[in-house]
Amino acid sequence: PSPLWRNERGDWATSSGVYYTLSPTNSPPTLSSLPFVVGDFDLEVDINQVSDGGIWLRIDDNAQNGTLLVTGGSGHSGTGFYYHTITDGNFSSAQAATGPLFNQLDNIHVRVSARGPTYSVYLNGSAQPVSSFSPDGQALSGHVGLYDFCAFPVETFDNFTLTAACYANCDGSTAAPILNVNDFICFQTRFAAGDAYANCDGSTAPPVLNVNDFICFQQRFAAGC
């Protein structure tokens with residue numbers, strides 16, 4: 001694996017080009033994170049023999065605060081995704097659980113897009129997210145990493161990529177200028193649709209979407225990418 005992986009908990013190793021833990025545990029949960037602090041981001045990873053693992057999202061240095069996306073959990077019986085929020089080391093109950101999406105021990109490809117307070121999860125190249133989650137009170141920046149709680153058969157990770165993203169580039173354009181009037185139109189459209197992406201300021205008090213989100217977007221746009 002890349003030497004950037006920090007291998008904090010679980011004695012992570014590589015064999016035949018894939019990454020996995022030699023000591024899967026949930027007390028405390030295994031963790032191998034990257035050193036980068038990211039805000040908005042996109043990550044992709046192949047999970048082989050998915051069973052009970054996941055991806056840490058915007059965690060602090062000791063994973064005492066942040067979010068954990070669980071893939072195939074529920075005691076190695078799950079067939080979808082759910083989330084835990086972590087606050088001062090305390091884990092919430094399962095949040096935003098999906099229905100069945102795959103089978104235990106399938107090989108799956110997962111993409112996670114983080115924009116503002118919202119995580120969107122895409123499965124096996126899907127164009128539409130199979131899960132979206134906007135946790136309350138969580139930081140909008142932090143580290144990402146891998147989690148695994150599967151001793152046998154061995155669950156492994158491969159082809160992990162992490163890309164910093166730009167919240168203000170609402171339409172996802174790559175042609176210069178990346179930020180332009182189309183991003184304002186995109187934001188207005190998503191605001192009108194009640195899309196969680198439009199909650200730029202991360203507020204939770206009703207109305208969640210309000211004029212402050214427009215001000216927030218203008219500030220993010222002015223800051224550039």
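**Briefing: sheets, cores and a capped helix**

Six strands make up an open sheet in the order 3-12-5-6-7-8, with antiparallel pairing (strands count as paired if DSSP finds at least two bridges between them). Helices (H or I, at least four residues) and strands (E, at least two) are DSSP runs, numbered from the N terminus. This is a predicted model, where local features need pLDDT of at least 70, side-chain atom pairs count only at pLDDT 80 or more, and totals for chains, interfaces and linings use all residues. Residues are numbered from 1 along each chain as its sequence is written, and side-chain values use heavy atoms, with hydrogens and water left out.

**The open sheet**

- Strand 3 (32–33) and strand 8 (90–91) sit at the edges with a single partner strand each, so one side of each has no neighbour in the sheet.
- Strand 8 runs antiparallel to strand 7, joined by two bridges.
- Across that pairing, Ile-86 stands opposite Phe-91 in strand 8.

**Strand 9 and its partners**

- Strand 9 (residues 108–115) is mostly covered, with six of its eight residues buried (buried means under 20% relative accessible area, exposed over 50%, partly exposed in between, using a 1.4 Å probe and protein chains only).
- Strand 4 (residues 41–48) pairs with strand 9 in the antiparallel sense over seven bridges, and Glu-44 stands opposite Arg-111 here.
- Strand 10 (residues 118–123) also runs antiparallel to strand 9, through six bridges, with Val-110 opposite Leu-123.
- Strands 9 and 10 form a hairpin with two residues between them, and Gly-116 in the turn has a positive phi of about 60 degrees.
- Thr-118 belongs to strand 10 and is buried, at a relative accessible area of 6%.
- Leaving aside residues up to four places away in sequence, Thr-118 touches Ser-113, Phe-133, Ser-134, Ala-196 and Tyr-197 (contact means heavy atoms within 4.5 Å).

**Nonpolar cores**

- The largest nonpolar core has 28 residues, of which Phe-41, Ile-55, Val-110 and Val-112 touch the most other members (a core is a set of buried Ala, Val, Leu, Ile, Met, Phe, Trp, Tyr and Cys residues joined through side-chain atoms within 4.5 Å).
- At least two residues of this core come from each of strand 4, strand 5 (53–59), strand 7 (81–87), strand 9, strand 10, strand 12 (143–148) and strand 13 (156–164).
- Another core, of twelve residues, lies apart from it, with Ala-168, Phe-187, Tyr-197 and Cys-200 among them.
- Back in strand 9, the contacts of Val-112 include Phe-41, Leu-43, Ile-55, Leu-57 and Tyr-119, not counting residues up to four places away in sequence.

**Helix 1**

- The twelve residues of helix 1 (residues 181–192) should span 16 Å at 1.5 Å a residue, and its end C-alpha atoms are 17 Å apart, which agrees (the expected span is 1.5 Å times one less than the number of residues).
- Asp-183, Cys-186 and Phe-187 are buried in helix 1.
- Seen down the axis, the buried residues of helix 1 fall within an arc of 100 degrees, so they line one face (the arc is that of the directions from the helix axis to the C-beta atoms).
- On the other side of helix 1, Val-181 and Ala-192 are exposed.
- Helix 2 (211–223) is part of what covers the buried residues of helix 1.
- At the N-terminal end of helix 1, Asn-180 acts as the cap, with a side-chain oxygen 2.9 Å from the backbone nitrogen of Asn-182.
- Gly-194, just after helix 1, takes a positive phi of about 75 degrees.

Terms used. A polar contact is a pair of N or O atoms within 3.5 Å; within protein, one must be able to donate a hydrogen and the other to accept it, and residues adjacent in sequence count only if both atoms are side-chain atoms.
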